[in-house]
Amino acid sequence: VPAATKVPVKKLDIRLGGDFKVSQAPTATDPNALGFIYGPNLSLDWTPLSANEYNHFGIDLHGDFMMYEGGKFKASQIDANGQKSPTDLNSRLTAGGGLLWKLQGSAQEVGLTVGVGYDYLQLFGVNYSYANHGPRGRIDLEIPIGPWFSLVGRNAFTYFIAPTGNISDNM
């Protein structure tokens, strides 16, 4: 009986999807109000360098465009008199890239990816714009469910380093 051959780890992963999130959006009359954030996202992981069967190295590019449920999410600016001025948020754009280390023996096995990189964030609202950027870390757990699809759990964090002067709550 010939030995089973492993399906090689794919060097290029393209993920096109969407997010739908429910978040707390408190108001003066309802401190427990909820609002929706939704939109498309795209991620490209390219790992052309392999140190051995299990260690793969490469880069990632990613971005998303999230829209806020109308009138539910507010942002505060500080006006010329030093007073907070609330405004509605409309959308958020995030884009970035980084370096990856992927631990996976074959495309049919569970994989773990660790990445470090840099992100840019832009918030848009009614007479409002906010931008920030900073280093980003990410960890993924990938569970293949066939030759073309996987379930991916991702946790990513960006530490924003560029506070904006007229914004009272820099993230």
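Guide: Contact here means heavy atoms within 4.5 Å of each other, and by that rule isoleucine 37 touches Asp19, Phe20, Lys21, Ser23, Met66, Met67, Tyr68 and Phe73, once residues up to four places away in sequence are left out. This is a predicted model, in which local features need pLDDT of at least 70 and side-chain atom pairs count only at pLDDT 80 or more, while totals for chains, interfaces and linings use all residues. Residues are numbered from 1 along each chain as its sequence is written, and side-chain values use heavy atoms, with hydrogens and water left out.

Visitor: Which residues make up the largest nonpolar core?

Guide: In soluble globular proteins, nonpolar side chains tend to be buried together. A nonpolar core is a set of buried Ala, Val, Leu, Ile, Met, Phe, Trp, Tyr and Cys residues joined through side-chain atoms within 4.5 Å. The largest one here has 11 residues, namely Ala25, Ile37, Met66, Tyr68, Phe73, Ala75, Leu89, Leu121, Leu123, Tyr128 and Tyr130, and β3, β6 and β7 each supply at least two of them (strands are DSSP runs of E, at least two residues long, numbered from the N terminus).

Visitor: Is leucine 123 buried or exposed?

Guide: Leucine 123, found in strand β6, has a relative accessible area of 4% and is therefore buried (under 20% is buried, over 50% exposed, and in between partly exposed, with a 1.4 Å probe and protein chains only). The C-alpha atoms of leucine 123 and serine 43, which stand 80 residues apart along the chain, are separated by 20 Å.

Visitor: How many aromatic pairs are there?

Guide: Rings of Phe, Tyr and Trp (its six-membered ring) pair if their centres lie within 6.5 Å, and planes under 30 degrees apart count as stacked, over 60 as edge-to-face and the rest as tilted. The count comes to three. One pair joins phenylalanine 57 and tryptophan 101, whose ring centres are 6.4 Å apart with planes at 5°, so the pair is stacked. The pair links distant parts of the chain, since phenylalanine 57 lies in strand β3 and tryptophan 101 in strand β5, 44 residues apart. Phenylalanine 57 is partly exposed at 33% relative accessibility, and tryptophan 101 is partly exposed at 36%.

Visitor: Which residues lie nearest the centre of the largest pocket?

Guide: On a 1 Å grid over the protein atoms alone, a pocket is an open set of points where a 1.4 Å probe fits, with protein on both sides within 12 Å along at least five of seven lines, and lining residues have an atom within 4 Å of a point. The largest pocket is lined by 41 residues, of which Arg15, Asn41, Ser43, Val152 and Arg154 lie nearest its centre. Strand β1 gives the most to this lining, with nine residues.

Technical notes
Helix = DSSP H or I, 4+ residues; strand = E, 2+ residues; numbered from the N terminus.
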